[in-house]
Number of protein chains: 2
Amino acid sequence: MTDDPPTEFDLMAFTPYRLAVVAQRLSELLARQYRDRFGISIPDWRVLVHLAHSGGASVRDIEARVAMEKSKVSRTCKRLETRGLIAKRAHDTDRRLVHLTLTDEGRQMMRDLLPLAAAFQGEVEARLGADFARLEQGIDGVLSRFDPAVTETD
Amino acid sequence: MTDDPPTEFDLMAFTPYRLAVVAQRLSELLARQYRDRFGISIPDWRVLVHLAHSGGASVRDIEARVAMEKSKVSRTCKRLETRGLIAKRAHDTDRRLVHLTLTDEGRQMMRDLLPLAAAFQGEVEARLGADFARLEQGIDGVLSRFDPAVTETD
DNA sequence: AAGACATCATTGCATATGCAACGAATTTTC
DNA sequence: GAAAATTCGTTGCATATGCAATGATGTCTT
(Lines give C-alpha, C1' and ligand atoms only; values in the text may rest on other atoms or scores of the structure.)
Protein backbone atom coordinates (compact mmCIF):
# COMPACT_ATOMS: atom_id res chain seq x y z
CA MET A 1 0.00 0.00 0.00
CA THR A 2 2.16 2.90 -1.14
CA ASP A 3 -0.16 5.36 -2.73
CA ASP A 4 -1.04 8.87 -1.67
CA PRO A 5 2.08 10.73 -0.66
CA PRO A 6 1.23 12.99 -3.64
CA THR A 7 -1.64 14.52 -1.70
CA GLU A 8 0.77 15.75 0.92
CA PHE A 9 1.96 18.66 -1.18
CA ASP A 10 1.98 21.98 0.66
CA LEU A 11 1.55 25.07 -1.48
CA MET A 12 2.78 27.30 1.35
CA ALA A 13 6.19 25.68 1.11
CA PHE A 14 6.43 25.91 -2.66
CA THR A 15 9.00 28.51 -3.61
CA PRO A 16 7.36 29.75 -6.83
CA TYR A 17 4.12 30.33 -4.96
CA ARG A 18 5.81 31.99 -2.02
CA LEU A 19 7.65 34.33 -4.35
CA ALA A 20 4.45 35.20 -6.17
CA VAL A 21 2.76 36.04 -2.89
CA VAL A 22 5.47 38.31 -1.53
CA ALA A 23 5.90 40.03 -4.89
CA GLN A 24 2.20 40.66 -5.11
CA ARG A 25 2.07 41.91 -1.55
CA LEU A 26 4.78 44.53 -1.98
CA SER A 27 3.51 45.52 -5.40
CA GLU A 28 0.00 46.14 -4.17
CA LEU A 29 1.21 48.19 -1.25
CA LEU A 30 3.28 50.33 -3.56
CA ALA A 31 0.77 50.47 -6.39
CA ARG A 32 -1.80 51.88 -4.03
CA GLN A 33 0.48 54.83 -3.30
CA TYR A 34 1.22 55.50 -6.96
CA ARG A 35 -2.43 55.30 -7.81
CA ASP A 36 -3.73 57.39 -4.93
CA ARG A 37 -1.23 60.19 -5.25
CA PHE A 38 -0.38 60.24 -8.94
CA GLY A 39 -2.98 58.17 -10.74
CA ILE A 40 -0.48 55.84 -12.35
CA SER A 41 -0.31 52.07 -12.61
CA ILE A 42 2.68 49.79 -12.23
CA PRO A 43 3.26 49.53 -15.99
CA ASP A 44 3.12 53.34 -16.13
CA TRP A 45 5.61 53.53 -13.29
CA ARG A 46 8.06 51.17 -14.93
CA VAL A 47 8.10 53.05 -18.19
CA LEU A 48 8.44 56.42 -16.49
CA VAL A 49 11.28 55.23 -14.30
CA HIS A 50 13.16 53.82 -17.22
CA LEU A 51 12.81 57.02 -19.17
CA ALA A 52 13.90 59.09 -16.18
CA HIS A 53 16.89 56.84 -15.78
CA SER A 54 17.89 56.51 -19.42
CA GLY A 55 16.89 59.91 -20.69
CA GLY A 56 15.23 58.37 -23.74
CA ALA A 57 14.47 54.95 -25.17
CA SER A 58 12.58 52.98 -27.78
CA VAL A 59 9.72 50.61 -27.12
CA ARG A 60 12.10 47.74 -27.66
CA ASP A 61 14.58 49.12 -25.14
CA ILE A 62 11.89 49.36 -22.53
CA GLU A 63 10.59 45.90 -23.30
CA ALA A 64 14.04 44.49 -22.68
CA ARG A 65 14.94 46.50 -19.62
CA VAL A 66 11.72 46.52 -17.74
CA ALA A 67 10.34 43.01 -18.12
CA MET A 68 7.20 43.98 -20.01
CA GLU A 69 5.76 42.70 -23.21
CA LYS A 70 6.00 44.66 -26.41
CA SER A 71 2.31 45.41 -26.74
CA LYS A 72 2.02 46.24 -23.09
CA VAL A 73 4.78 48.80 -23.42
CA SER A 74 3.20 50.21 -26.55
CA ARG A 75 -0.20 50.68 -24.96
CA THR A 76 1.29 52.08 -21.79
CA CYS A 77 3.19 54.65 -23.81
CA LYS A 78 0.09 55.61 -25.72
CA ARG A 79 -1.67 56.27 -22.43
CA LEU A 80 1.24 58.26 -21.02
CA GLU A 81 1.50 60.32 -24.17
CA THR A 82 -2.21 61.13 -24.04
CA ARG A 83 -1.73 62.27 -20.46
CA GLY A 84 1.12 64.48 -21.54
CA LEU A 85 3.76 62.74 -19.45
CA ILE A 86 5.91 61.45 -22.29
CA ALA A 87 6.61 62.47 -25.88
CA LYS A 88 7.01 60.25 -28.94
CA ARG A 89 9.05 61.18 -31.93
CA ALA A 90 10.72 59.31 -34.74
CA HIS A 91 14.27 58.14 -34.30
CA ASP A 92 16.71 60.20 -36.33
CA THR A 93 18.41 57.51 -38.34
CA ASP A 94 16.20 54.42 -37.96
CA ARG A 95 12.62 55.30 -38.66
CA ARG A 96 11.26 52.03 -37.34
CA LEU A 97 12.11 53.15 -33.83
CA VAL A 98 10.01 55.43 -31.69
CA HIS A 99 12.05 57.70 -29.51
CA LEU A 100 10.38 58.20 -26.14
CA THR A 101 11.24 60.92 -23.65
CA LEU A 102 9.69 62.48 -20.59
CA THR A 103 7.95 65.80 -21.11
CA ASP A 104 8.58 68.61 -18.66
CA GLU A 105 5.40 67.59 -16.94
CA GLY A 106 6.57 64.00 -16.78
CA ARG A 107 9.91 65.03 -15.38
CA GLN A 108 8.15 67.11 -12.78
CA MET A 109 6.00 64.17 -11.74
CA MET A 110 9.09 62.01 -11.39
CA ARG A 111 10.64 64.56 -9.10
CA ASP A 112 7.74 63.96 -6.74
CA LEU A 113 7.43 60.26 -7.38
CA LEU A 114 10.99 59.06 -7.05
CA PRO A 115 11.46 60.20 -3.45
CA LEU A 116 8.35 58.25 -2.60
CA ALA A 117 9.83 55.14 -4.16
CA ALA A 118 13.11 55.71 -2.36
CA ALA A 119 11.22 56.02 0.90
CA PHE A 120 9.42 52.77 0.20
CA GLN A 121 12.70 51.04 -0.44
CA GLY A 122 14.01 52.42 2.84
CA GLU A 123 10.94 51.16 4.64
CA VAL A 124 11.42 47.68 3.21
CA GLU A 125 15.06 47.60 4.26
CA ALA A 126 14.23 48.89 7.72
CA ARG A 127 11.42 46.46 8.33
CA LEU A 128 13.31 43.44 7.07
CA GLY A 129 16.47 44.13 9.01
CA ALA A 130 18.92 41.29 8.56
CA ASP A 131 16.49 39.45 6.31
CA PHE A 132 16.86 42.17 3.73
CA ALA A 133 20.37 41.15 2.73
CA ARG A 134 19.30 37.52 2.62
CA LEU A 135 16.36 38.32 0.40
CA GLU A 136 18.48 40.33 -1.98
CA GLN A 137 21.07 37.59 -2.19
CA GLY A 138 18.37 35.04 -2.83
CA ILE A 139 16.92 37.20 -5.58
CA ASP A 140 20.32 37.55 -7.18
CA GLY A 141 20.64 33.80 -7.06
CA VAL A 142 17.42 33.32 -8.96
CA LEU A 143 18.29 36.04 -11.45
CA SER A 144 21.64 34.50 -12.25
CA ARG A 145 20.69 30.84 -12.13
CA PHE A 146 17.37 31.15 -13.93
CA ASP A 147 18.38 33.51 -16.67
CA PRO A 148 15.94 33.10 -19.57
CA ALA A 149 18.61 34.05 -22.09
CA VAL A 150 20.79 31.19 -20.94
CA THR A 151 18.70 28.35 -19.67
CA GLU A 152 15.04 28.45 -20.60
CA THR A 153 15.37 25.33 -22.67
CA ASP A 154 14.69 22.50 -20.22
CA MET B 1 22.43 73.90 -7.83
CA THR B 2 21.06 70.83 -6.10
CA ASP B 3 18.43 69.42 -8.36
CA ASP B 4 18.37 66.12 -10.20
CA PRO B 5 19.46 63.35 -7.88
CA PRO B 6 15.89 62.03 -8.39
CA THR B 7 16.74 60.95 -11.90
CA GLU B 8 19.36 58.61 -10.52
CA PHE B 9 16.83 56.01 -9.44
CA ASP B 10 17.69 52.49 -10.58
CA LEU B 11 14.79 50.14 -11.11
CA MET B 12 17.10 47.14 -11.09
CA ALA B 13 17.93 47.80 -7.46
CA PHE B 14 14.33 48.32 -6.36
CA THR B 15 13.22 45.40 -4.25
CA PRO B 16 9.55 45.33 -5.28
CA TYR B 17 10.57 45.25 -8.94
CA ARG B 18 13.24 42.61 -8.37
CA LEU B 19 10.76 40.43 -6.57
CA ALA B 20 8.22 40.82 -9.34
CA VAL B 21 10.79 39.78 -11.91
CA VAL B 22 11.98 36.66 -10.13
CA ALA B 23 8.43 35.62 -9.28
CA GLN B 24 7.38 36.03 -12.88
CA ARG B 25 10.41 34.14 -14.12
CA LEU B 26 9.81 31.07 -11.99
CA SER B 27 6.07 31.18 -12.57
CA GLU B 28 6.44 31.25 -16.32
CA LEU B 29 8.88 28.41 -16.31
CA LEU B 30 6.52 26.33 -14.23
CA ALA B 31 3.34 27.43 -15.96
CA ARG B 32 4.74 26.29 -19.26
CA GLN B 33 5.09 22.77 -17.90
CA TYR B 34 1.58 22.70 -16.46
CA ARG B 35 0.16 24.03 -19.67
CA ASP B 36 2.09 21.80 -22.04
CA ARG B 37 1.51 18.58 -20.17
CA PHE B 38 -1.83 19.09 -18.49
CA GLY B 39 -3.47 22.08 -20.08
CA ILE B 40 -3.92 23.96 -16.84
CA SER B 41 -3.15 27.52 -15.81
CA ILE B 42 -1.65 28.80 -12.59
CA PRO B 43 -5.03 29.68 -11.07
CA ASP B 44 -6.17 26.16 -11.98
CA TRP B 45 -3.09 24.73 -10.34
CA ARG B 46 -3.56 26.66 -7.14
CA VAL B 47 -7.14 25.56 -6.71
CA LEU B 48 -6.35 21.96 -7.51
CA VAL B 49 -3.44 21.86 -5.10
CA HIS B 50 -5.48 23.30 -2.31
CA LEU B 51 -8.24 20.80 -2.86
CA ALA B 52 -5.74 17.95 -2.97
CA HIS B 53 -4.24 19.19 0.24
CA SER B 54 -7.41 19.99 2.14
CA GLY B 55 -9.68 17.30 0.78
CA GLY B 56 -12.44 19.85 0.24
CA ALA B 57 -13.07 23.55 0.61
CA SER B 58 -15.38 26.46 -0.14
CA VAL B 59 -14.64 29.30 -2.50
CA ARG B 60 -13.97 31.50 0.50
CA ASP B 61 -11.49 29.01 1.94
CA ILE B 62 -9.57 28.96 -1.30
CA GLU B 63 -9.65 32.71 -1.62
CA ALA B 64 -8.05 33.00 1.81
CA ARG B 65 -5.53 30.22 1.49
CA VAL B 66 -4.34 30.64 -2.03
CA ALA B 67 -4.04 34.41 -2.49
CA MET B 68 -6.66 34.71 -5.21
CA GLU B 69 -9.63 36.96 -5.53
CA LYS B 70 -13.12 35.69 -4.92
CA SER B 71 -14.32 36.06 -8.47
CA LYS B 72 -11.13 34.59 -9.85
CA VAL B 73 -11.59 31.52 -7.69
CA SER B 74 -15.21 31.26 -8.72
CA ARG B 75 -14.45 31.38 -12.43
CA THR B 76 -11.55 29.01 -12.09
CA CYS B 77 -13.78 26.52 -10.34
CA LYS B 78 -16.42 26.83 -13.00
CA ARG B 79 -13.81 25.97 -15.62
CA LEU B 80 -12.44 23.06 -13.63
CA GLU B 81 -15.92 21.71 -13.04
CA THR B 82 -16.69 21.90 -16.75
CA ARG B 83 -13.52 19.96 -17.43
CA GLY B 84 -14.59 17.34 -14.92
CA LEU B 85 -11.67 17.85 -12.56
CA ILE B 86 -13.62 19.09 -9.56
CA ALA B 87 -17.16 18.69 -8.24
CA LYS B 88 -19.38 21.32 -6.67
CA ARG B 89 -22.11 20.54 -4.20
CA ALA B 90 -23.95 22.46 -1.55
CA HIS B 91 -22.56 22.51 1.94
CA ASP B 92 -24.57 20.33 4.31
CA THR B 93 -25.48 22.84 6.97
CA ASP B 94 -24.72 26.24 5.42
CA ARG B 95 -26.25 26.51 2.00
CA ARG B 96 -24.39 29.69 1.12
CA LEU B 97 -21.21 27.69 0.84
CA VAL B 98 -20.17 25.66 -2.16
CA HIS B 99 -18.34 22.52 -1.23
CA LEU B 100 -15.59 21.77 -3.72
CA THR B 101 -13.80 18.46 -4.09
CA LEU B 102 -11.60 16.75 -6.62
CA THR B 103 -13.27 14.21 -8.84
CA ASP B 104 -11.57 10.87 -9.43
CA GLU B 105 -10.26 12.31 -12.65
CA GLY B 106 -8.97 15.37 -10.79
CA ARG B 107 -7.29 13.20 -8.21
CA GLN B 108 -5.69 11.18 -10.95
CA MET B 109 -4.33 14.29 -12.60
CA MET B 110 -2.87 15.44 -9.32
CA ARG B 111 -1.08 12.15 -8.92
CA ASP B 112 0.78 13.00 -12.12
CA LEU B 113 1.08 16.69 -11.48
CA LEU B 114 2.36 16.82 -7.91
CA PRO B 115 5.55 14.87 -8.59
CA LEU B 116 6.30 17.34 -11.34
CA ALA B 117 5.90 20.21 -8.90
CA ALA B 118 8.06 18.44 -6.35
CA ALA B 119 10.72 17.94 -8.99
CA PHE B 120 10.58 21.62 -9.86
CA GLN B 121 11.02 22.54 -6.22
CA GLY B 122 14.00 20.20 -6.06
CA GLU B 123 15.47 21.82 -9.12
CA VAL B 124 15.12 25.26 -7.59
CA GLU B 125 16.81 24.17 -4.39
CA ALA B 126 19.59 22.45 -6.27
CA ARG B 127 20.30 25.34 -8.57
CA LEU B 128 20.23 27.96 -5.84
CA GLY B 129 22.47 26.07 -3.46
CA ALA B 130 23.24 28.21 -0.43
CA ASP B 131 21.14 31.04 -1.81
CA PHE B 132 18.06 28.91 -1.41
CA ALA B 133 18.02 29.17 2.38
CA ARG B 134 18.67 32.89 2.16
CA LEU B 135 15.84 33.38 -0.27
CA GLU B 136 13.43 31.43 1.90
CA GLN B 137 14.41 33.40 4.98
CA GLY B 138 13.98 36.62 3.10
CA ILE B 139 10.54 35.55 1.93
CA ASP B 140 9.57 34.65 5.48
CA GLY B 141 10.71 38.08 6.53
CA VAL B 142 8.44 39.77 4.03
CA LEU B 143 5.54 37.50 4.88
CA SER B 144 5.80 38.24 8.59
CA ARG B 145 6.69 41.91 8.41
CA PHE B 146 4.30 42.87 5.63
CA ASP B 147 1.27 40.94 6.76
CA PRO B 148 -1.82 42.59 5.24
CA ALA B 149 -3.97 41.49 8.16
CA VAL B 150 -1.73 43.34 10.57
CA THR B 151 -0.19 46.34 8.93
CA GLU B 152 -1.76 47.42 5.66
CA THR B 153 -2.75 50.76 7.12
CA ASP B 154 0.16 53.02 6.34
C1' DA C 1 -39.77 36.17 15.47
C1' DA C 2 -38.94 40.01 12.42
C1' DG C 3 -35.96 43.29 10.60
C1' DA C 4 -31.23 44.84 10.24
C1' DC C 5 -26.86 43.35 9.20
C1' DA C 6 -23.23 40.17 7.56
C1' DT C 7 -21.44 36.50 4.64
C1' DC C 8 -21.08 33.71 0.43
C1' DA C 9 -20.78 32.93 -4.46
C1' DT C 10 -21.80 34.58 -8.96
C1' DT C 11 -22.16 37.84 -12.59
C1' DG C 12 -21.96 42.38 -15.41
C1' DC C 13 -19.03 45.50 -16.91
C1' DA C 14 -15.05 48.08 -18.07
C1' DT C 15 -10.37 47.49 -18.60
C1' DA C 16 -6.06 44.85 -19.09
C1' DT C 17 -3.56 41.19 -21.02
C1' DG C 18 -0.95 37.90 -24.29
C1' DC C 19 -0.41 36.38 -28.71
C1' DA C 20 -0.49 36.42 -33.52
C1' DA C 21 -0.80 39.11 -37.55
C1' DC C 22 0.22 43.12 -39.92
C1' DG C 23 2.58 47.17 -42.33
C1' DA C 24 6.55 49.86 -42.45
C1' DA C 25 11.47 50.23 -42.31
C1' DT C 26 15.99 48.20 -42.38
C1' DT C 27 19.52 44.72 -43.06
C1' DT C 28 21.20 40.63 -45.26
C1' DT C 29 21.94 37.62 -49.05
C1' DC C 30 22.89 36.50 -53.59
C1' DG D 1 20.81 46.53 -56.27
C1' DA D 2 16.67 43.61 -55.86
C1' DA D 3 14.54 39.97 -53.31
C1' DA D 4 14.38 37.64 -48.95
C1' DA D 5 14.65 37.80 -44.27
C1' DT D 6 14.58 40.50 -39.97
C1' DT D 7 13.31 44.12 -36.78
C1' DC D 8 10.13 47.48 -34.88
C1' DG D 9 5.82 49.16 -33.21
C1' DT D 10 0.81 48.83 -33.42
C1' DT D 11 -3.51 46.62 -33.48
C1' DG D 12 -7.33 42.83 -33.63
C1' DC D 13 -9.01 39.43 -31.11
C1' DA D 14 -10.02 36.24 -27.59
C1' DT D 15 -9.49 35.72 -22.90
C1' DA D 16 -8.47 37.21 -18.15
C1' DT D 17 -8.91 40.41 -14.56
C1' DG D 18 -10.66 43.52 -10.62
C1' DC D 19 -14.35 45.69 -8.68
C1' DA D 20 -18.94 46.65 -7.56
C1' DA D 21 -23.53 45.02 -7.48
C1' DT D 22 -26.71 41.31 -6.86
C1' DG D 23 -29.35 37.52 -4.89
C1' DA D 24 -29.42 33.96 -1.69
C1' DT D 25 -28.66 32.41 2.83
C1' DG D 26 -27.29 33.00 7.88
C1' DT D 27 -26.65 35.48 12.08
C1' DC D 28 -27.56 39.08 15.33
C1' DT D 29 -30.39 42.45 17.82
C1' DT D 30 -34.06 43.68 20.38
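This section describes the confidence of the model, the relation of its two protein chains and the surface near DNA strand D.

The model is predicted: local features require a pLDDT of at least 70 and side-chain atom pairs count only at pLDDT 80 or more, whereas totals for chains, interfaces and linings use all residues. Residues are numbered from 1 along each chain as its sequence is written, and chains are lettered from A and ligands numbered from 1 in the order in which they are written. Chain A has an average pLDDT (the predictor's confidence in each residue, from 0 to 100) of 92, and 92% of the residues score at least 70. Among the elements of chain A (DSSP runs numbered from the N terminus; helices H or I, at least four residues, strands E, at least two), the mean pLDDT is highest for strand S2 (residues 98-102), at 98, and lowest for helix H7 (residues 148-151), at 61.

A turn of 180° with a shift of 0.0 Å along the axis lays chain A on chain B with an RMSD of 0.0 Å (least squares on the C-alpha atoms of residues with pLDDT of at least 70 in both). This is the relation of a two-fold axis. The contact (C-beta atoms, placed from the backbone, within 7 Å) takes 50 residues from each of chain A and chain B. On the side of chain A that touches chain B, H1(A) gives the most, with 14 residues. Of the interface residues of chain A, 100% are also interface residues in chain B, so the copies meet through the same surface.

Around DNA strand D (C-beta atom, placed from the backbone, within 6 Å of it) lie 19 residues, of which A:Ser58, A:Arg60, A:Ser71, A:Ser74 and B:Arg95 come nearest. H4(A) supplies the largest share of this surface, 5 residues.

Definitions and conventions: Contact = placed C-beta atoms within 7 Å.
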